[in-house]
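The following exercises ask the reader to work from a sequence and its coordinates towards a description of how strands and helices are arranged. Each task is followed by a solution in steps.

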Amino acid sequence: MADFPVAILSLLISIALLSLSLPTLGSSGLYRSPKFPSRFLGKFSRSNPLGAPLYPYKIRYLDQDLDHFSFSGLPKFRQRYLINTQHWAGPHQQGPIFVYCGNEGDIEWFAANTGFIWEVAPRFRAMIVFPEHRYYGESMPYGSREEAYKNATTLAHLTAEQALADFAVLITDLKRNSSAQASPVVLFGGSYGGMLAAWMRLKYPHIAVGAFASSAPILQFEDVVPPETFYDIVSNDFRRESVSCFNAIRDSWNAIESEVQKANGLSYLTETFRFCRKLESADDLSDWLYSAYSYLAMADYPYPADFLMPMPGNPIKEVCRKIDNSPDGTSLLQRIFEGVSVYYNYTGTVECFDLDDDPHGMNGWDWQACTEMLMPLSFSNISMFPAYDYNYTAEEERCLESFHVKPRPTWITTEFGGHV
């Protein structure tokens, strides 16, 4: 510590103190249900009805190696990145460079919802850079999303290690071209991006002097933490708001199963929850609900926000108000629908819901979750979800069916650590 530059130490401490008083970095909704559903963000999240701030930046591109760890001669791809030098002190004053580690989605989406960096950068006269994660947004290998996502061979280089190498190459190139080799780099990230920020600081300590990882589940692997932890926390968020709301959600799973047993049960559920096409199974509906409750807990901000979906401040309070205060005679499932509509349709403009929608281009995460990002999750008996034990065998079978690959459940802790 004695050899650590005082100016850099002061920079990191100052940013850390500011982080306690400013809005947190956005979380990308990294978690999924234990039964491995698709993401359900809903098509209305494409718009910006609540007026999230739009920040100024220039869009640039850098040609990157598809495989940083071999000499196989694979084609390069164009990595997009966003840059703002409006407040940068410049290389002669060693102005810092703030880099957000892009998540599993379009980088402009994250730039529009990561206000913390934009708010603190002027105070530190910092450059702001948002590099996009490979295989997301416009940073597609093989020229298009269709080609990049074609099969396990074309997806093979969608890994955290390759993404970190992209960031390292981009930062090094940017500093060299800006004559800013002496400028300190501080990494930022939320959710998976926060994991990348922490891991990059670990793997590339000569590239960055520090990292701020918000809502980064770096310990959600193997048996580092109990698999039921996340969904117990989600459940407690609802229980704290309203015990009756918690109980209604808990009872709804049996009500769904009861409907499915009826002759026209799936048709009734499709109509009740206003899906655009008929449900094929109760699991489709359950996964849709799991996702809503999880994202509500992760984005339960005290102010209106539209990072995942347009939502009011304290959205869980509003969900439970809808569930608890429904008119007499309202069925349990109708009350549940009214509650989750706070997440899926707060603006009231969506006529029906599409289970296959992926507005932010995050389907690549399904591949990552089937290869190295294997996060054991389960539902405990004290949660508001139906009890479910983590089943690696079922997850492996799903990945073999979807991508013809077997997950490597111990790779992340081998590569980045986690066990004491």
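A residue is called buried when its relative accessible area is under 20%, and exposed when that area is over 50%. The model is a predicted one.

**Exercise 1.** Determine which residues of strand 6 make up its covered face and which its uncovered face.

Solution. In a regular strand the side chains alternate between the two faces of the sheet. Applied to strand 6, which spans 210-214, this reading places Gly 210, Phe 212 and Ser 214 on the covered face, and Ala 211 and Ala 213 on the uncovered one. Helix 7 (residues 192-203) packs on the sheet and touches strand 5 and strand 6, and its direction makes about 150° with that of strand 5.

**Exercise 2.** Establish the strand order of the sheet, and name its edge strands.

Solution. The sheet is open and contains six strands in the order 1-2-4-3-5-6, with mixed pairing. At its edges lie strand 1 (58-64) and strand 6 (210-214), each of which pairs on one side only. From one strand to the next the twist averages 25°. Strands of a sheet pair through backbone hydrogen bonds, either parallel or antiparallel. The antiparallel sense is seen between strand 2 (residues 77-84) and strand 4 (residues 127-131), which are joined by four bridges, and Asn 84 has Ile 128 as its bridge partner in strand 4. The parallel sense is seen between strand 5 and strand 6, over five bridges, where Gly 190 has Ser 214 as its bridge partner in strand 6.

**Exercise 3.** Identify the strands that helix 6 lies across, and give its angle to strand 2.

Solution. Helix 6 (residues 160-177) lies across strand 1, strand 2, strand 3 (97-100), strand 4 and strand 5 (185-190). With respect to strand 2, helix 6 runs at about 55°.

**Exercise 4.** Classify the packing of helix 11 against helix 13, and describe the residues in the contact.

Solution. Two packed helices are described by the angle between their axes and the distance between the axes. For helix 11 (residues 282-298) and helix 13 (residues 332-344), the axes come within 10 Å and cross at roughly 55°; the two helices are therefore oblique to each other, and their crossing is left-handed. On the side of helix 11 the contact includes Trp 288, Leu 289 and Tyr 293 among others, and these residues of helix 11 meet Ile 336, Val 340, Tyr 343 and Tyr 344 in helix 13. The residues of this contact divide into ten nonpolar, one polar and no charged.

**Exercise 5.** Find the buried residues of helix 3 and helix 12, and state what those of helix 12 pack against.

Solution. Helix 3 (residues 115-124) is mostly covered, with seven of its ten residues buried, namely Gly 115, Phe 116, Ile 117, Trp 118, Val 120, Ala 121 and Phe 124. Arg 125, which follows helix 3, has a positive phi near 50°. In helix 12 (residues 315-324), the buried residues are Pro 315, Ile 316, Glu 318, Val 319, Cys 320 and Ile 323, and they pack against helix 8 (229-241), helix 9 (243-260), helix 11 and helix 13.

**Exercise 6.** Decide whether Glu 396 is buried or exposed, and list its contacts.

Solution. Glu 396 is found in helix 15 (residues 392-403). Its relative accessible area is 18%, so Glu 396 is buried. Leaving aside residues up to four places away in sequence, Glu 396 touches Val 405, Lys 406 and Pro 407. Pro 409 is 13 residues from Glu 396 in sequence, and the two are 9.8 Å apart in space, C-alpha to C-alpha.

Notes:
Residues are numbered from 1 along each chain as its sequence is written. This is a predicted model: local features need pLDDT of at least 70, side-chain atom pairs count only at pLDDT 80 or more; totals for chains, interfaces and linings use all residues. Side-chain values use heavy atoms; hydrogens and water are left out. Two strands pair if DSSP finds at least two bridges between them. Axes are lines fitted to C-alpha atoms, for helices over the stretch in contact, and angles run from 0 to 180 degrees between N-to-C directions. Contact means heavy atoms within 4.5 Å. Angles under 35 degrees count as roughly parallel, over 145 as roughly antiparallel, 65 to 115 as roughly perpendicular and the rest as oblique. A crossing is left-handed if the near helix is turned anticlockwise from the far one by less than a right angle, and right-handed if clockwise. Ala, Val, Leu, Ile, Met, Phe, Trp, Tyr, Cys and Pro count as nonpolar, Asp, Glu, Lys and Arg as charged, and the others, Gly among them, as polar. Buried means under 20% relative accessible area, exposed over 50%, partly exposed in between (1.4 Å probe, protein chains only).
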